[in-house]
Amino acid sequence: MKRNPIAIAFLTLALALPTLGAVPSAAPTAPKQDDESKYQYLKDAANAMVAVQVKAIGNARSAATLGVDRMGAGVVIDKDGLVLTIGYLILEADHVDIVTSEGRTVPAMVAAYDHATGFGLLRPLVPIDVKPIKLGTSSKIEPTFRMLVAGAGGSENLSVATVVSRRKFAGYWEYFLEDAIFTTPPRPDFGGAALIDRHGELVGIGSLFVMDAETPGERLPGNMFIPIDHLKPILSELLATGRQKAGRRPWLGLNSMEEDGRIKVLRVSSDGPAEQAGIEPGDIILAFAGAKVQTLDDFYKRLWSSGAPGVEVTLKVLHGSDVKEVKIRSMDRMEHVRKRPTI
């Protein structure tokens with residue numbers, strides 16, 4: 001069902017309210033035809049959204065966790081149709097289509113992928129005539145703020161969410177953000193969704209569904225968004241080179257979690273450095289280069305500060321009842337990613 005002026009007005013009013021409980025039960029009075037321009041900024045923000053449809057290459061390493069056929073969202077951020085999305089959607093892509101809010105499908109190419117932030121960029125191969133969204137300032141977003149969340153489908157797919165926390169986030173896939181944005185209620189179509197402030201400006205890109213949005217370990221389902229401020233200083237570099245230089249850092253191919261003050265290996269990437277060194281699921285990482293590590297963010301910071309990709313690192317590992325030191329030759333994450341064949 002298409003969004004009408006009443007729905008847009010309701011969303012606008014909801015953004016102005018301080019808490020979830022303050023949403024009125026009755027819809028606001030429908031605006032007059034002449035007043036609809038007041039809500040145009042919200043419509044424009046929603047219509048900057050596109051669907052992202054991806055088919056990964058046949059031998060994609062990421063297919064085991066992400067699948068071969070992937071769907072998500074993205075948002076147009078410049079006049080030439082550049083689309084910002086979540087990077088994992090387009091990882092090891094063979095073919096990408098974007099679908100505008102008007103239903104037009106056009107092919108696109110991967111312009112950039114940045115493992116460090118998680119952002120991905122797409123460039124449509126033909127003009128799409130979509131008004132871009134304005135980039136906002138995510139540093140101003142605080143808990144209790146009401147935001148719009150937009151998925152693919154234009155103004156038909158808007159909802160209101162509340163920011164419940166701004167905090168560090170350490171992902172099991174060797175990923176870390178200092179200031180992730182967490183919202184509730186959750187959206188099931190979070191991948192590449194846009195977090196939009198009351199001015200119609202983009203402040204975050206949807207990444208994950210989480211079970212503890214407000215406080216780690218306490219149940220409150222929600223979504224995690226990557227702050228848009230992480231994109232601004234690297235956008236030119238991403239467009240020029242396809243990645244950022246600072247994102248070139250040692251990678252081990254470990255999927256890990258914190259458990260009882262220790263780091264437990266959940267999975268190792270096939271043919272990655274950790275697997276080649278003999279690390280197995282269930283192993284416990286006790287120390288990095290002789291220094292005890294208990295949290296993922298400490299582990300990652302020590303790893304990334306150890307040198308350039310290719311540096312050899314030493315882990316103290318508990319394997320069953322045996323404690324051993326394991327030397328691992330790190331690598332650049334992108335050297336492990338399989339590329340689409342070229343002529």
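Here are a few notes on the cavities and the largest pocket of this predicted model.

1. Starting with the enclosed space: there are two cavities of 30 Å³ or more in the structure. The largest comes out at about 70 Å³, and the second largest at about 50 Å³.

2. If you want to look around the largest cavity, its lining is made up of His115, Ala116, Glu174, Gly247, Arg249, Pro250, Trp251, Trp304, Asp332 and Arg333. By class that gives four nonpolar, two polar and four charged residues.

3. For the second largest cavity, the residues to pick out are Tyr113, Asp114, His115, Arg243, Gly247, Asp332, Arg333 and Met334. Here the split is two nonpolar, two polar and four charged. His115, Gly247, Asp332 and Arg333 turn up in the linings of both cavities, so keep them in view when you go from one to the other.

4. Now the open space. The largest pocket holds about 650 Å³ and has 29 lining residues. Nearest its centre you'll find Thr65, Leu66, Leu91, Trp173 and Arg333. Arg333 is a familiar name by now, as it also lines the largest cavity and the second largest one.

5. Which elements each supply at least two residues of that pocket's lining? They are helix 3 (63-66), helix 4 (87-90), helix 8 (333-336), strand 12 (201-210) and strand 15 (254-259). Helix 3 gives the most, with three residues.

6. On chemistry, the lining of the largest pocket divides into 14 nonpolar, ten polar and five charged residues.

Notes. Residues numbered from 1 in each chain as written. Predicted model: local features only at pLDDT ≥ 70, side-chain atom pairs only at ≥ 80, totals over all residues. Heavy atoms only, no water. 1 Å grid on protein atoms, 1.4 Å probe; cavity = no way out; pocket = protein on both sides within 12 Å on 5 of 7 lines; lining within 4 Å. Points joined across faces, edges and corners; volume = space filled by probe spheres on them. Nonpolar A, V, L, I, M, F, W, Y, C, P; charged D, E, K, R; others polar. Helix = DSSP H or I, 4+ residues; strand = E, 2+ residues; numbered from the N terminus.
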